[in-house]
Amino acid sequence: AVGLQADKLRWLPGQRKARYDIAGFVTMIKDWPVVSRCQFAYLVPKEGDQPQTEWRVSNWGFINFIASNVPKLGVDHPISPEVSIDDGYMVVAMLADNLSRTQVIQAALSMKAGKYLAEH
C-alpha cells in the first residue's frame, strides 16, 4: 500500500527522498490497517551437522513484509545486520498484523534513526 501511494507522489518536486515517508503517513491515516495474509513455507533449522530438510508452513498476517539479501534498502531503510549480498542468504523481516499504529510508527522512526527493522 505504501509503495503504491509513493508511486502516486512522483510528481512532487524535490520530494524524492520523502515521498515514502509521506506515503506511509497517508496510508496510516487513510487505509489503516492494510493487512496481507499468506501461507509461508520455510526450512526449520536443525541441530548439529544435519541438513535443513524439514519444511514448516505457517499462516501469516503482516503489515509490512520484506525479503532481502542486503542489510539496507537504499540509504535510510536498515533491514537486518545479519545478511550480506555475497553470503547466499536472504533475511525475511516483517511487521506482524497484531501491531498497533503506535508500534508501527515507532518502528519506522527507529529505522530513520538507524535501527534495523529485523530488530523489532
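**Notebook: loops, sheet, core and pocket**

I began at Leu99, which is in contact with Trp32, Ile63 and Val104 once its neighbours within four places in sequence are left aside. Contact here means heavy atoms within 4.5 Å.

A note on the ground rules before going on. I am working with a predicted model, where local features need pLDDT of at least 70, side-chain atom pairs count only at pLDDT 80 or more, and totals for chains, interfaces and linings use all residues. Residues are numbered from 1 along each chain as its sequence is written, and side-chain values use heavy atoms, with hydrogens and water left out.

**Entry: Leu99, continued**

I placed Leu99 in the loop between E5 and H3. Helices (H or I, at least four residues) and strands (E, at least two) are DSSP runs, numbered from the N terminus. Is Leu99 buried or exposed, or partly exposed? I found 24% relative accessibility, so Leu99 counts as partly exposed. The scale I used calls a residue buried under 20% relative accessible area, exposed over 50%, and partly exposed in between (1.4 Å probe, protein chains only). I also looked up Phe62: its C-alpha lies 9.0 Å from that of Leu99, with their positions 37 residues apart in sequence.

**Entry: the whole chain**

Stepping back, I counted three helices and five strands. Read along the sequence, they follow α-α-β-β-β-β-β-α. Of the 120 residues, 23% count as buried. Among contacts between residues at least 6 apart in sequence, 48% join residues at least 24 apart.

**Entry: the sheet**

Which order do the strands of the open sheet take? I read E1-E2-E5, three strands with antiparallel pairing. E1 (36-43) and E5 (91-96) stand at the edges with a single partner strand each, so one side of each has no neighbour in the sheet. The twist averages 70° from one strand to the next; the axes are lines fitted to C-alpha atoms, for helices over the stretch in contact, and angles run from 0 to 180 degrees between N-to-C directions.

Two strands count as paired if DSSP finds at least two bridges between them. As a reminder to myself, strands of a sheet pair through backbone hydrogen bonds, either parallel or antiparallel. I then went through the bridges:

- E1 and E2 run antiparallel and are joined by eight bridges; Ala41 stands opposite Val57 in E2.
- E2 (residues 55-68) and E5 are also antiparallel, with six bridges.
- Asn64 has Leu95 as its bridge partner in E5, Phe65 has Met94, and Ser68 has Val91.

**Entry: E5 and the core**

I followed the side chains along E5 and saw them alternate. Val91, Ala93 and Leu95 point to one face and are buried, whereas Val92, Met94 and Ala96 point to the other and are not.

Which residues make up the largest nonpolar core? I listed 11: Met28, Ile66, Ile79, Val83, Val91, Ala93, Leu95, Val104, Ala107, Met111 and Leu117. E5 and helix H3 (101-112) each supply at least two residues of this core. The term covers a set of buried Ala, Val, Leu, Ile, Met, Phe, Trp, Tyr and Cys residues joined through side-chain atoms within 4.5 Å. In soluble globular proteins, nonpolar side chains tend to be buried together.

I picked Ile79 for a contact list, leaving aside neighbours within four places in sequence. Its partners include Ile66, Val91, Ala93, Met111 and Leu117, and also Ser68, Lys72 and Tyr116.

**Entry: a pocket**

I looked up the second largest pocket, which has a volume of about 490 Å³. How many residues line the second largest pocket? There are 17, with Tyr42, Tyr89, Met90, Val91 and Val92 nearest its centre. E1 and E5 each supply at least two lining residues, and the largest share, four residues, comes from E1.

**Entry: two more loop residues**

I found Leu9 in the loop between helix H1 (2-8) and helix H2 (19-30). Leu9 counts as buried, at 15% relative accessibility. The C-alpha atoms of Leu9 and Ala23 are 7.7 Å apart, while the two residues are 14 apart along the chain.

Val35 sits in the loop between H2 and E1, and at 32% relative accessibility it counts as partly exposed. Val35 touches Gly61, Phe62 and Asp97, not counting residues up to four places away in sequence. I also noted Val35 and Leu95, 60 residues apart in sequence and 10.0 Å apart C-alpha to C-alpha.

Technical notes:
On a 1 Å grid over the protein atoms alone, a cavity is a set of points where a 1.4 Å probe fits but cannot get out, and a pocket is an open set with protein on both sides within 12 Å along at least five of seven lines; lining residues have an atom within 4 Å of a point. Grid points are joined across faces, edges and corners, and a volume is the space filled by probe spheres set on the points.
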